[in-house]
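Q: I am new to this structure and would like a close look at how its inside is packed. Please start small, then work outward to the whole chain.

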Amino acid sequence: MRRCSICNLGTFIISHIIPFNRSYITGLELKNIALAQKAGALSGDGKFSRECERLLEITQRVPRSLVTHSCTAALEMAAILLELRAGDEVIMPSYTFVSTANAVAMRGAVPVFVDIRPDTLNIDETLIEAAITSKTKSIWVVHYAGVACEMDAILKIATKYGLSVVEDAAQALRSTYKNKPLGGLGDFGALSFHETKNITCGEGGALLIRDLPASEQAEIVHQKGTDRRRFMSGKVDKYTWQTVGSSYLLGELASAYLRAQLEHADDITEMRRHLWRRYHEALAPVARSGLISRPSVPDHCVHNAHMYYVVLADGIDRSAVLAKLNAAGIGAVFHYVPLHSSPAGARMGRAAGLLKHTDAISAGLIRLPLWAGLSELDQDRVIAELGKVLTD
Ligand SMILES: Cc1ncc(COP(=O)(O)O)c(C=O)c1O
């Protein structure tokens with residue numbers, strides 16, 4: 001067996017494809033789904049939805065949460081609740097998924113893109129103040145890879161200028177900033193339970209509401225702009241159209257699945273953290289050789305191991321590296337195309353200054369397979385192949 005000169009692991013014969021992601025199954029999902037089916041009430045806001053919401057309120061330390069059919073939906077709800085309108089500006093990173101900006105653009109507001117920090121790949125908090133104008137209404141942060149943005153500095157700026165803060169915590173369930181769970185620090189937080197996330201129900205999300213008074217309006221937006229929830233709890237004798245809203249509920253079958261996953265969120269996160277640490281240690285020599293840089297987690301942040309990525313050194317052809325890894329059966333992928341350079345972002349948003357880290361890092365980042373259940377043997381194969389491809 002040939003050994004990689006950097007990481008000293010052997011090369012492996014391709015026996016099977018190592019997928020980029022595979023959802024963990026706790027074993028309780030089908031039991032819950034059967035219970036939901038037997039109960040016969042399959043629409044949203046049912047027993048399992050409410051149980052998920054109570055669990056999230058405890059773990060995320062927020063007074064109110066509402067489960068939704070996606071994180072995208074939760075972000076749209078935040079935009080409605082903040083009453084964003086045409087011409088308002090919202091500061092956010094360009095290095096994020098489209099949903100962060102779409103929710104804002106759907107209200108006619110303008111995403112204003114700020115560069116990221118080269119260490120955490122989160123919005124650079126030191127650049128936010130310079131991007132504020134008389135039209136700025138809100139700051140939307142994204143906790144990339146489940147590592148917290150610098151929330152103290154961001155919340156201080158928001159208070160100084162009277163701006164709201166939304167946390168796109170799609171990737172950040174079970175991550176903390178100075179011991180505080182992410183998603184509960186801004187006015188609103190949005191979680192994702194999409195198949196690619198640590199905890200999943202296929203498609204799903206949640207809106208976290210920091211201040212209880214906002215929850216009544218959130219419940220209305222959640223239920224198509226009606227006060228149906230109040231009607232269902234007997235507080236009003238009929239329900240009517242109250243405001244702009246949509247059907248943001250999570251159906252009961254998906255909630256039943258999610259309930260099972262949430263019960264095991266700590267174990268699933270620990271399994272991922274173990275694998276994350278193994279990648280980090282094994283790739284240290286490759287990083288020392290200058291071929292890659294590895295993720296960086298500030299001491300005051302606990303992350304949930306949502307992702308293990310490496311950033312290739314300048315001059316290394318990412319497409320070639322990915323093609324070789326994929327050919328070797330390793331499901332490595334890249335993302336994001338920065339929003340400011342995408343057609344819609346260029347049309348509907350604007351960049352605040354140069355986004356040099358966003359541009360450079362997005363061109364060189366590779367995500368490696370990481371999921372609860374990935375065997376150490378397969379992980380060693382990923383590490384060895386990466387070392388080999390980089391040194392060939
Ligand atoms: C940062 C971020 N925001 C929003 C989303 C959208 O999540 P969902 O697919 O649950 O709508 C994602 C999904 O990948 C994401 O990574």
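A: Let's start with the vocabulary: helices (H or I, at least four residues) and strands (E, at least two) are DSSP runs, numbered from the N terminus. You are looking at a predicted model, in which local features need pLDDT of at least 70 and side-chain atom pairs count only at pLDDT 80 or more, while totals for chains, interfaces and linings use all residues. Residues are numbered from 1 along each chain as its sequence is written, and side-chain values use heavy atoms, with hydrogens and water left out.

A good first stop is helix α7. Two more terms help here: a residue is buried under 20% relative accessible area, exposed over 50% and partly exposed in between (1.4 Å probe, protein chains only), and a contact means heavy atoms within 4.5 Å. Helix α7 covers residues 213–222, and its buried residues are Ser215, Ala218, Glu219, Ile220, Val221 and His222. Those buried residues pack against α2, β1 (64–68), α3, β9 and α8. Glu216 is in helix α7 too, but this residue counts as partly exposed because its relative accessibility is 43%. Although Glu216 and Arg230 are 14 residues apart along the chain, their C-alpha atoms are separated by 9.0 Å. After α7 comes Lys224, with a positive phi near 65°.

Helix α4 (residues 98–105) makes a nice companion, as this helix is mostly covered, with six of its eight residues buried. The buried ones are Ser99, Thr100, Ala101, Ala103, Val104 and Ala105. Their packing partners are α3 (71–81), β2 (89–93), β3, β4, β5 (164–168) and α13 (343–348).

One of those partners, strand β4, holds Ile139. With a relative accessibility of 0%, Ile139 counts as buried. Leaving aside neighbours within four places in sequence, the contacts of Ile139 include Ile91, Ile128, Ile154, Ile157 and Val166. Trp371, by contrast, is 232 residues away from Ile139 in sequence and 31 Å away in space, C-alpha to C-alpha.

Now for the nonpolar cores. A nonpolar core is a set of buried Ala, Val, Leu, Ile, Met, Phe, Trp, Tyr and Cys residues joined through side-chain atoms within 4.5 Å. The largest one has 40 residues, and Ile154, Phe193 and Leu258 touch the most other members. Two or more residues come from each of α2 (47–60), β3 (110–114), α5 (128–131), β4 (136–142), α6 (151–161), β9 (205–209), α9 (252–263) and α10 (265–282). Helix α6 provides the largest share, four residues. This core lies between domain 1 (29–263) and domain 2 (265–391), because both give residues to it; the domain bounds come from an automatic or database domain assignment. Not counting residues up to four places away in sequence, Phe193 touches Leu56, Leu173, Ile199, Leu258 and Leu262, among others. There is also a second, separate core of 30 residues, which includes Leu66, Leu75, Phe113 and Ile209.

How do the two domains meet? Their centres, taken over C-alpha atoms, are 25 Å apart. On one side 42 residues of domain 1 are in contact, and on the other 37 residues of domain 2. Together they bury about 3400 Å², with carbon and sulfur atoms giving 57% of that area; buried area is the accessible area (1.4 Å probe) that two parts lose on being put together, summed over both. Tyr95, Phe113 and Asn198 supply 20% of the area that domain 1 buries against domain 2, more than any other three residues.

A contrast comes from Gly251, in the loop between α8 (228–232) and α9. Gly251 counts as partly exposed because its relative accessibility is 30%. Beyond residues up to four places away in sequence, Gly251 touches Leu42, Ser43 and Gly44.

Finally, step back to the whole chain. The protein chain has 15 helices and 14 strands, and buried residues make up 56% of its 392 residues. Of the contacts between residues at least 6 apart in sequence, 70% join residues at least 24 apart. The C-alpha trace spans about 75 × 55 × 35 Å along its principal axes.
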